[in-house]
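Here are some exercises to work through with the model open beside you. Try each task before you read its solution.

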Amino acid sequence: MTYTVNSACPLDCPDRCSFVVEVENQQVTKVTGSKSHPLTGGFVCSKAKHQVARQNSPDRVTKPLIKRNGAWQPTDWETAYSLIKEKLTGILENHGPKAILHFSGGGSEGLLQSFDQRFFNVLGGPTRPSGCVCWGSGLRAQEYDFGAVYFHSWSDLVNARTIILWGRDPMVTNLHIVPFIKEAKAKGAKVVVINPLEVESVQLADYHVAPRPGTDGALAMAMAHVLLAERELDMDFISDHVYGFEEFVKRAKDCSPQWAQEITGVPAERIRELALLYGKNKPGAILLGYGLQRYSNGGQTIRAIDALAALTGNIGVPGGGVNYGHRYWKMVINSLAGQEFVTETRTIPFAKMASGIAAAQDPPIKAIFVSKFNPITQLPDSNLLKQAFRGVEFKVVLDFFLNDSAEEADLFLPVATSFEQSDIILNSWNEYGLYAEQAIPPRGEAKTELEIFSRLAGEFGLQDKFGTYSREEWLQLAIEPLRELGINLETFKGGPVRCPIFEQVAWEDRKFATPSGKYELFSAGAAEETGDPLPGYGALGPLGDEELAREYPLQLMTPHPKFSLHSSFFTPDLQDLPNHPILRLHPDEGKGRYLAKGDRAIVETSVGEMMAVVELTAGVRPGMAVILEGSWIKDGGGVNRLISQVEADMGGGTAYYDCRCQVRKYNIDSIE
Ligand SMILES: Nc1nc2c(c(=O)[nH]1)N[C@H]1C(S)=C(S)[C@@H](COP(=O)(O)OP(=O)(O)OC[C@H]3O[C@@H](n4cnc5c(=O)[nH]c(N)nc54)[C@H](O)[C@@H]3O)O[C@H]1N2
Ligand SMILES: Nc1nc2c(c(=O)[nH]1)N[C@H]1C(S)=C(S)[C@@H](COP(=O)(O)OP(=O)(O)OC[C@H]3O[C@@H](n4cnc5c(=O)[nH]c(N)nc54)[C@H](O)[C@@H]3O)O[C@H]1N2
Ligand SMILES: [Mo]
């Protein structure tokens, strides 16, 4: 039998596309982009196609596995549940729930994907990671500046006359916004890409500015200096809506373009031109990426960029804004995570997880549960983290494949994919929420997380507390607050739903959610967290360490892969993705090291090393080394073996790119 269902992409990606899923003989055969979606309609990216391959892969695990004497053996669900009950009962009795460390990631983003959290909350609250692996320092920065985080509608981009893609590479990470950038350009907008790499999105740009990694704070402060010196300011906006202007002016006085040239490597004249383009050719929209806040000074960098919009009044106007993400949906849905059941909490920062697990005392970590996340591959210092996992008595991973984290577990539970269950998938980058209808039953013995965690709640006599609703009833409960805004489950089933409180233009009323009610250049909250109330060029960590630079002269950047979402699609059946990671270097860096294209090289940092195949390109600044993240350690990849544990200045962000490395030719003779 052949049929189609309307579904949605569950990935942690800004696009969150509408899908039409084709099913033939109980197998998902194809995914196309549903035309019903006003923003993503019509086409899907390769990650959608990879979801079909993942769904049907012969390597997907569809039976629970238990590790005995170091080897995986198939088992049944009853044995799996009994083992979890036995182990957790002992741990809870002797140490309490905080002895359980729970990772719940963004592997699938449906509303019905938080039952793992609900289960551990109902148990009393486990130890959880704090901070953020993704956008945390920038998010906190925008909260200081604006009071909350909002994104203009993508369709508003066409009103911009200047668009700055600042550390964002939409051709790779946000493909469906590109048509709007192109439309703006066709209407005459100037497009600027600010990125140390010649990324794919440079093909959309009129200008490419390539600062040294981690120095955008200096670039933005010097742009502010130019705007102030040349009076390219919106004085009405500043006097009515900005708090802390005088203090900021004092700081920006010292940040001349000449000063920034030394730091950023961008010529002073170019900085001046860039500032004047943004200040004069209004309105100007900034699309912020997340790469530029993965540094020790990441929060300060975002604050310095936000300040440019405040000085020029590019806030609250069509075609303006500093777009980073939004939280509208969160304000109008109920969380199902059961936070209200938590009696005690303990956290370990994401950025320091590798050392934090072994250091945790009173109680020590006795069990680890992982769902929708691949910590060993994706968190800093994979080698140390692996060692920490090995020191913990009982580990359970819920996933589709035996990835690096799963290989460290004692028990593997196979979960259902998003094609195998119905859900609602919301979005923090555009205004649409989608219903995803179940296309086929779970493959083999795979189960949904709802089924797994309600059964576990039953094992502990907590079924009543956990709740005994059907999937539809849970969804109704989650979207209950939307009812008075005229939206119910049927509305979602009818096609993409526009978030009713989403505003096309952010901050149009200029009522900022800060303590002063104004845009805050001066923030008491920021001062409390970082010691500095004002935006500026913050200090770098390893990148600013001159002693370390002697041994490890290159900055190591590890951005996201186009053909995968992080590690999710580096599965055994997708080995057309490069088997060995590619190391990209500027030709000058290759020359000094006698490296040619195709050579194998060892990349070494203060915490680890790995092998990669060399590619030489002028698209990478001298002084840098670039390897994409996501590949698996068990396949010879795993860039986080190289990344040390560095926390950013705000929001507990993880400073992955504040990293130094050395590269040398792999010499077979040197192996003993
Ligand atoms: N195909 C694909 N799409 C994805 C993802 C994926 O893995 N694959 N991941 C999703 C997720 S979770 C996220 S968080 C987003 C991230 O989306 P983006 O922020 O667009 O991309 P990243 O690769 O995280 O960020 C790295 C970008 O920042 C640039 N960059 C790094 N350091 C600096 C700097 O100091 N200054 C400046 N100006 N630029 C810098 C890098 O060159 C790169 O272009 O993408 C989402 N979309
Ligand atoms: N060096 C370096 N490291 C980085 C980054 C970087 O730029 N450089 N980027 C960081 C960023 S922005 C992010 S967001 C993180 C992402 O890190 P992760 O959240 O670990 O992302 P993935 O590698 O996609 O892993 C998600 C896992 O969830 C599984 N999964 C999918 N759906 C389900 C489900 O319904 N249930 C269960 N139980 N499992 C499911 C997938 O198979 C996959 O194994 O990585 C961070 N790490
Ligand atoms: Mo992310």
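Some groundwork for the first task: a residue is buried under 20% relative accessible area, exposed over 50%, and partly exposed in between (1.4 Å probe, protein chains only). This is a predicted model, so local features need pLDDT of at least 70 and side-chain atom pairs count only at pLDDT 80 or more, while totals for chains, interfaces and linings use all residues. Residues are numbered from 1 along each chain as its sequence is written, chains are lettered from A and ligands numbered from 1 in the order in which they are written, and side-chain values use heavy atoms, with hydrogens and water left out.

**Exercise 1. Place Glu183 and assign its burial class.**

Solution. Start with the secondary structure, where helices (H or I, at least four residues) and strands (E, at least two) are DSSP runs, numbered from the N terminus. Glu183 sits in helix H6 (residues 178–186). Next, take its relative accessibility: because this is 41%, Glu183 counts as partly exposed. Last, look across to Ser155, 28 residues away along the chain: its C-alpha atom is 9.6 Å from that of Glu183.

**Exercise 2. Work out how ligand 1 is held.**

Solution. Begin with the shell, meaning residues with a heavy atom within 4 Å. It has 34 residues, and Thr173, Asn195, Asp216, Tyr290 and Tyr295 come nearest. Now look for polar contacts (pairs of N or O atoms within 3.5 Å; within protein, one must be able to donate a hydrogen and the other to accept it, and residues adjacent in sequence count only if both atoms are side-chain atoms). The Asn195 side chain puts an N or O atom 2.6 Å from a ligand 1 oxygen. For Tyr295, a side-chain N or O atom is 2.7 Å from a nitrogen of ligand 1. Then check the cover: ligand 1 has 900 Å² of accessible area on its own, and the protein covers 98% of it (Shrake-Rupley method, 1.4 Å probe; for residues, only the protein chains shown count as cover).

**Exercise 3. Do the same for ligand 2, and say which domains supply its shell.**

Solution. Here 29 residues lie around the ligand, with Asp399, Glu449, Ser567, Ser568 and Tyr657 nearest. Tyr657 has a polar side-chain atom 2.8 Å from an oxygen of ligand 2, and a side-chain N or O atom of Asn640 is 2.9 Å from a ligand 2 nitrogen. Of the 930 Å² that ligand 2 exposes when taken alone, the protein buries 97%. As for domains (bounds from an automatic or database domain assignment), at least three shell residues come from each of domain 2 (65–129 + 352–419 + 442–477) and domain 4 (542–665).

**Exercise 4. Which backbone features stand out at Pro283, Pro363, Arg16 and Asp381?**

Solution. As a baseline, most residues other than glycine have a negative phi, and most peptide bonds are trans. Take the prolines to begin with. The Lys282 to Pro283 bond is cis, with omega near -5 degrees, and Pro283 is in the loop between helix H11 (268–280) and strand S12 (284–288). Asp362 to Pro363 is also cis, omega near 0 degrees.

Now for phi. Arg16 has a positive value near 45 degrees in the loop between strand S1 (2–8) and strand S2 (18–24); its relative accessibility is 6%, so Arg16 counts as buried. Asp381 has a positive phi near 55 degrees and lies in the loop between helix H15 (375–378) and helix H16 (382–390). With a relative accessible area of 7%, Asp381 is buried.
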